[in-house]
Amino acid sequence: MSQDVAEHDDTTDRAPARRSSRGLTSIEALALLLVFGLTARPGLAALFANELAQAWVARFVAVMVQATPFLVGGTVLSAAIAAFVPADFFSRAVPKRTALAVPVAGLSGAVLPGCECASVPVAGALVRRGVAPAAAFTFMLASPAINPVVVVSTFVAFPGQPEMVAARFTASLCAAIAIGWLWAKLGRTEWLRLPAHRHHEDGKWAAFWSGVRHDFIQAGGYLVIGAAIAATLNTLVPETWLAVVADDPVLGVLALAVLAVLVSICSESDAFVAASLTQFSPTAKLAFMVVGPFVDIKLAAMHAGTFGRGFAARFTPAVFAVALCAAVVMGVVWL
Amino acid sequence: MRRDAQAVVLLLLGGGLIRLVVTGDYLNYVKPYAFWLVLPAGIILVAVAAVTSWESWKGRGEAHGECHPDGHDRPKVAWLLLAPVVGMLLVAPDALGSFEAQRTGTAVGAEENRSTYPELPDDVDPVPLTLLDYAARAVFDEGRTLEGHRIQLRGFILYNGDEPQLARMIVACCAADARPVKIGFDGGAPADLEPDQWVEVVGVYSPEQGRDEINGELVPYIEVESVTNISSPDNEYQ
C-alpha cells in the first residue's frame with residue numbers, strides 16, 4: 001500500500017515537467033486539428049466528393065454508429081462491476097476444486113458483462129486473490145465472449161438467425177472451458193509473472209468514470225480499425241475477388257479467423273462487422289466472432305503485460321486453435 | 001493522448017451521435033430502431049466527457065493516470081476516434097444509392113428459402129409491395145401470387161449499361177451490409193430517367209427475367225404502366 005502511495009507522488013511530481021518539455025501537448029495538437037478541419041471543410045468535402053469515397057465513408061460511419069451504443073453499454077457495465085463489486089466476491093463465489101471451478105467460471109461469464117480489455121486485468125486480480133488460474137482464464141475468455149451485451153448485439157446483428165446467437169454462445173463457452181481444463185492439466189505457474197496491483201485512491205465513482213473513459217477510448221480506437229477494414233472489404237475490394245476466398249469453405253473460415261486476430265475489435269461490436277461481411281459463409285462469420293474475443297493482437301499484448309511474455313507466447317496460439325476448432329465444429333453442426 | 005484531449009474527443013463523438021439522431025441523418029446509416037440506442041449512447045459519452053474534463057480541470061488528472069501496468073491510460077489509439085467524427089460531421093455522406101447498387105450483386109438470393117407467399121389483397125389496386133417481396137415472389141414462386149394484380153413499387157433508378165433498372169438497398173443490420181435488390185423494366189420506361197432519382201412504378205408481373213452479371217442471380221422484370229418521380233423517403237433502406 002505504501003508503495004502505491006509512493007508511486008502516486010512520483011507521477012504527480014513528474015507530470016508537469018513532462019508536459020512542458022514535450023512542446024506540443026495533445027490538447028494543443030487536437031485544437032490545431034479541429035481548426036484545420038473546420039477551415040479545410042470545403043476541401044475535405046471535395047476530397048470525399050468522389051462516389052467511391054462517399055460510399056466508403058457511409059459504410060464506415062454505419063458500423064461505428066451501430067456498434068458504439070453497444071460498446072458504451074459494455075464499458076459502462078464492466079466499469080461498474082470493476083468499481084463497485086468487492087474483489088473478494090469472486091474468490092468466495094468460485095468453488096475450490098479446479099475441475100469444478102472452470103465450468104462455474106465459464107458460466108459466470110454469461111452473467112457478468114465485461115469488455116475483453118477489462119476482463120484481462122480482472123483475471124489478473126482474480127489470480128492474485130487466490131482463484132485457480134485455470135478458472136480465472138476461463139472467466140477471462142468467457143466473460144467478453146458470451147455476456148448479455150454480446151448476446152443481444154449478436155441477436156441484433158443477425159436478425160432472424162437465432163441459431164447464430166446459440167452457436168456463438170455454445171462455441172465460445174465450450175472453448176473457454178476447454179482452455180481452462182487444458183491449463184489445469186498442462187499449465188505451469190512459473191509461466192506466470194504478475195505485476196503488483198495498484199489501487200484507485202479517489203473512491204469508487206472516480207474509478208467508475210475513469211474505467212468507462214479508458215475502456216471506451218481503448219476499445220473504440222480498435223473498433224475504428226475494424227470498421228475501416230469492413231468498409232474497405234465492402235467497397236474497395238471487387239465482389240468477384242472476395243468471392244474467390246469467401247466461396248471456398250476452408251479458405252473463408254481461415255481468412256475471417258485471421259482477420260479477427262488482426263483487427264482486434266471489441267466483442268460488443270464485432271457481430272456488426274461480421275454481419276457486414278455478407279459474402280462469407282455463416283461458419284466463417286462464426287469463426288470471426290468466436291476467435292475475436294479470445295485472441296487478437298491487442299489481447300496478446302495485454303496478456304503479455306498482465307501475465308508475462310512466456311505465458312502469452314504459449315497461451316495465444318493454444319487459444320486460437322481451440323477457438324477455431326470450436327467454431328468450425330459448431331458451424332458444421334448447427335449452421 | 002492526454003486526459004483533457006480525450007474529453008474533447010468523447011464530446012465530439014457523443015455530440016456527433018446526438019446530432020445524427022436530432023437531424024434524422026442516422027437513417028442514412030442504421031435502421032430506425034437504432035434511435036433508442038444511439039441517443040442514450042451519445043448522452044453517456046457527453047457525460048463521460050464532462051466528468052473527465054471536470055476532473056482534469058480540478059488538477060487531479062495526472063494523479064491517477066497509471067492505472068494499468070503498461071501505462072496505456074494515455075492510449076494512442078484514441079486519435080483514431082477522430083475518424084468517425086470527421087465522417088459524421090464533416091463528410092456526412094448520403095445514404096448509399098445507385099453507385100453502390102451498380103457495383104453490387106442483387107440480394108434476392110437471401111429470400112430463397114422463404115416458405116410462404118401469402119395471397120395479395122383483391123380490394124387494393126395497385127398493391128404496394130417492397131422490391132424484395134416482388135423479386136422473391138417473381139423469382140422463387142414464378143410470379144404465381146403476382147398474376148392478376150397491378151403492383152406498385154418504389155425505389156431509385158440505376159443503370160446497368162444503358163438499361164435503366166429499379167433498385168432499393170436492403171439492410172440487415174446497418175448500412176455496411178447494404179445490398180441492392182434490382183428489378184428490370186419490361187417496355188415503356190421513360191428514357192430520361194436520372195440515376196438515383198426515386199420513382200413510383202405501377203405495373204403488372206412480367207415473366208421476363210435477366211441475370212445480374214456481378215453474382216449471377218436472377219433479376220425479375222415488371223411490365224410498366226407508369227413511372228412517376230417522387231422525392232426520396234426518409235429511410236431509403238429496407
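Which residue takes a positive phi in the hairpin of S5(B) and S6(B)? In this predicted model, that residue is Gly216(B), with a phi near 75 degrees, and the hairpin has 6 residues between its strands.

**Confidence**

The model scores ipTM 0.90 and pTM 0.82. Chain A averages a pLDDT of 81, and 88% of the residues score at least 70. For chain B the average is 86, and 92% of the residues score at least 70. Each chain has a stretch to be read with caution. In chain A, pLDDT stays under 50 over residues 1-22, for which the model has 11 contacts beyond four places in sequence. In chain B, pLDDT stays under 50 over residues 63-72, and the model has 24 contacts beyond four places in sequence for this stretch.

**Strands of chain B**

Strand S6 of chain B covers residues 218-229 and pairs with S4(B) in the parallel sense. Strand S5 (residues 198-211) is joined to S6(B) in the antiparallel sense. S4(B) is also joined to strand S3 (residues 163-170), and these two run antiparallel. The pairings are set out below.

| Strand pair | Sense | Bridges |
|---|---|---|
| S3(B) and S4(B) | antiparallel | 6 bridges |
| S4(B) and S6(B) | parallel | 3 bridges |
| S5(B) and S6(B) | antiparallel | 11 bridges |

Individual bridges fix the register. Between S3(B) and S4(B), Arg168(B) has Val181(B) as its bridge partner. From S4(B) to S6(B), Gly184(B) is partnered by Tyr221(B), and Asp186(B) by Glu223(B). Glu223(B) is also the bridge partner of Val204(B). S4(B), which spans residues 179-186, is mostly covered, with 6 of its 8 residues buried.

**Contact between the chains**

The contact takes 60 residues from chain A and 62 residues from chain B. On the side of chain B that touches chain A, the elements giving two or more residues are H1, H2, helix H3 (82-91) and helix H4 (98-103) of chain B. H2(B) gives the most to this side, with 9 residues. By residue type, the side of chain B that touches chain A divides into 41 nonpolar, 11 polar and 10 charged.

Helix H2 of chain B has 23 residues (35-57), which at 1.5 Å a residue should span 33 Å; the end C-alpha atoms are 33 Å apart, in agreement. Its buried residues are Leu37(B), Val38(B), Ala41(B), Gly42(B), Ile44(B), Leu45(B), Val48(B), Ala49(B), Thr52(B) and Glu55(B). An α-helix has 3.6 residues a turn, so residues three or four places apart point the same way. The buried residues of H2(B) pack against H4 and H11 of chain A, together with helix H1 (3-23) of chain B. Just after H2(B), Gly59(B) takes a positive phi of about 85 degrees.

**Helices and core**

Helix H11 of chain A, one of the elements packed against by H2(B), runs over residues 204-235. Its 32 residues should span 46 Å at 1.5 Å a residue, and the end C-alpha atoms are 45 Å apart, which agrees. Because 24 of the 32 residues of H11(A) are buried, this helix is largely enclosed by the rest of the structure.

The largest nonpolar core has 178 residues, and those with the most contacts inside it are Val63(A), Ala287(A) and Val291(A). Helix H4 of chain A (residues 51-84) gives the most to this core, with 18 residues. Leaving aside neighbours within four places in sequence, Val291(A) is in contact with Ala257(A), Ala260(A), Val261(A), Phe320(A), Ala323(A), Leu324(A) and Ala327(A).

**A loop residue of chain A**

Val94(A) is found in the loop between helix H5 (88-93) and helix H6 (98-111) of chain A. Is this residue buried or exposed? Val94(A) has 22 C-beta neighbours inside 10 Å and therefore counts as buried, the cut-off being 20 or more. Not counting residues up to four places away in sequence, Val94(A) touches Ala101(A), Val104(A), Ala105(A), Val131(A) and Ala135(A). Val94(A) and Asn234(A) are 140 residues apart in sequence, and their C-alpha atoms are 45 Å apart in space.

How values were computed: Residues numbered from 1 in each chain as written. Chains lettered and ligands numbered in written order. Predicted model: local features only at pLDDT ≥ 70, side-chain atom pairs only at ≥ 80, totals over all residues. Helix = DSSP H or I, 4+ residues; strand = E, 2+ residues; numbered from the N terminus. Expected span 1.5 Å × (residues − 1). Buried ≥ 20, exposed ≤ 12 C-beta atoms within 10 Å, placed from the backbone. Core = buried A, V, L, I, M, F, W, Y, C linked by C-beta atoms within 7 Å. Contact = placed C-beta atoms within 7 Å. Nonpolar A, V, L, I, M, F, W, Y, C, P; charged D, E, K, R; others polar. Pairing = 2+ DSSP bridges. pLDDT = per-residue confidence, 0-100.
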